[in-house]
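Here are a few short exercises on aromatic rings, each with a worked solution. Please look at the predicted model first.

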Amino acid sequence: MSLQQFMNEAISPWMKEQGPDSDIVLSSRIRLARNFSDVSFPVVASEQSLAELLEFFKQEYAQQSYKDYQDMELVEMHSLQPIEKRVLVEKHLVSPHLAEQSNASAALISKNEQVSVMINEEDHLRIQLYFPGFQLDKALEQASEFDDWLEEKINYAFDEKRGYLTACPTNVGTGLRASVMMHLPALAMTQQINRMTPAINQLGLVVRGIYGEGSEAVGNIFQISNQITLGKSERDIVEDLQSVVKQLINQERRARDTLMNKSKTPLEDRVFRSFGVLRHSRIIESKEAAKCLSDLRLGIDLGFIDHVPRSILNELMILTQPGFLQHYAKTPLSPEERDVRRASLIRERLQMENNKD
C-alpha cells in the first residue's frame with residue numbers, strides 16, 4: 001500500500017460496505033489515547049525522544065499486518081505537501097491537529113483504511129478504528145484486540161487508580177472516545193436537533209460537526225461522542241452512547257414519517273430542486289453542495305429517487321472537499337476555482353450513474 005493509493009480513492013474500502021441502520025448512521029468509531037510510560041507527553045517531550053518513539057514504530061509495525069488490517073503503511077507528516085495532509089484529514093485518517101505537526105509525527109494506516117494509529121499527536125498514540133453503520137460493539141471489540149496487540153511490545157503509562165494517563169485530563173481513565181457519524185436531515189429540518197443537543201450534553205455526550213471538536217455540522221451530518229472517560233468502563237461508555245444513538249435513530253425515523261405524512265410534496269420538491277442543482281450547476285460552494293447532497297441522500301432513503309446509489313453520496317461528500325479537489329487538479333486552486341471544479345466533478349459523477357441505467 002502506498003500514500004498515493006490513500007490519496008486516489010475518496011471512499012475508504014470499509015466505507016463501501018453496508019452496516020446496521022446505515023441510512024442514518026454513517027459510521028461508528030472507537031478511538032483510544034495511549035502513551036509510553038517512559039517518554040514525556042508530546043507537548044513537553046524532546047524532539048529526540050519523539051523521534052526515537054517514531055523510529056520504534058517504523059521498525060516494529062510498518063508493513064506489518066494484524067488480522068484484517070493488512071500492510072500497514074507509516075506516513076510521516078513532514079514528508080507530505082499541505083494538500084496531501086488535507087486529503088488525509090478529509091478522509092478522517094488523521095486529525096487536523098496531527099496534520100499541523102511535523103518532524104516526528106506520523107500515522108500508521110492499514111490497507112483497508114479501517115485502522116489508523118496517529119503517532120505523536122496530543123498523546124503518543126491515538127488508535128482509531130471504524131466500522132460502517134451502527135456497530136459500536138464490534139468496533140470496541142476490534143479496537144481492544146488491536147490495542148492488546150500493540151501492547152505486547154509497548155509499556156503503556158497506566159495508574160492502578162486513575163487508569164490510562166493522557167496529556168489531556170478529559171481522556172484519563174479508559175482513554176476511550178466512542179463516536180458515531182449520523183445523517184439527521186429530518187431532525188435538522190424540523191429544528192428538533194437544536195432542542196435535543198442540550199439534553200444530550202447533560203448526559204455526558206457531545207454533538208459536533210463532521211471533523212470533531214470545533215467543526216460545523218455541514219450537510220446535516222453530526223458526530224455524537226462521549227465526553228467522560230474517567231470512572232466508567234469501556235462497556236459503560238459504549239452502552240451510554242448506544243442508548244442515545246438508538247433514540248436519535250428512532251426520532252429521525254419519526255421525523256421523516258411526519259414530513260412524509262404532512263409535507264410530502266414540499267419535501268419532494270426540495271429533494272428534486274437539490275438534485276437539479278447538483279446535476280446542472282456550473283459553480284457551487286462546499287456548504288451548498290453538502291446541503292444538496294444531504295437532500296439527495298434523504299430522497300434516496302425515502303424512495304423519491306431510485307436510480308442513484310446511496311454510496312455515491314458518501315463518495316461525493318469527501319470528493320468535493322478542498323483537499324481532494326486540489327489533489328485531483330494537481331495544483332492549488334483559489335476558492336472560486338474550487339467552486340467551479342466541484343460543480344463539474346459532481347455533474348460528471350452523477351452523469352456516470354445516469355449512463356449506467
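**Exercise 1.** Decide whether Tyr66 is buried or exposed, and do likewise for Phe146.

*Solution.* Begin with the cut-off: a residue is buried when its relative accessible area is under 20%. Tyr66 has 15% relative accessibility, so Tyr66 counts as buried. Phe146 comes out at 0%, so Phe146 counts as buried.

**Exercise 2.** Work out how the rings of Trp14 and Tyr130 are arranged, and which parts of the chain they tie together.

*Solution.* To set the scene, the model holds 13 aromatic pairs. Next, take the geometry: the ring centres of Trp14 and Tyr130 are 5.2 Å apart and the planes meet at 10°; planes under 30 degrees apart count as stacked, so this pair is stacked. Then locate the partners: Trp14 sits in the loop between α1 (3–8) and β1 (25–34), while Tyr130 belongs to strand β5 (residues 125–132), so the pair ties together parts 116 residues apart in sequence. Finally, check the surroundings: both Trp14 and Tyr130 are buried.

**Exercise 3.** Name the type of pair that Tyr66 and Phe146 form, and find where each residue lies.

*Solution.* The centre-to-centre distance is 6.0 Å and the angle between the planes is 70°. Over 60 degrees the label is edge-to-face, and that is how Tyr66 and Phe146 pair. Tyr66 is in the loop between α2 (47–60) and β2 (73–76), and Phe146 is in helix α5 (residues 136–151), 80 residues apart.

**Exercise 4.** Find which charged residue lies over the face of Tyr61.

*Solution.* Look above the ring: Lys153 lies there, 5.7 Å from the ring centre. Tyr61 is also one of the members of an aromatic cluster that includes Tyr66 and Phe146.

Note on methods: Residues are numbered from 1 along each chain as its sequence is written. This is a predicted model: local features need pLDDT of at least 70, side-chain atom pairs count only at pLDDT 80 or more; totals for chains, interfaces and linings use all residues. Side-chain values use heavy atoms; hydrogens and water are left out. Rings of Phe, Tyr and Trp (its six-membered ring) pair if their centres lie within 6.5 Å; planes under 30 degrees apart count as stacked, over 60 as edge-to-face and the rest as tilted. Helices (H or I, at least four residues) and strands (E, at least two) are DSSP runs, numbered from the N terminus. Buried means under 20% relative accessible area, exposed over 50%, partly exposed in between (1.4 Å probe, protein chains only). A charge sits over a ring if NZ of Lys or CZ of Arg is within 6 Å of the ring centre and within 35 degrees of the ring normal.
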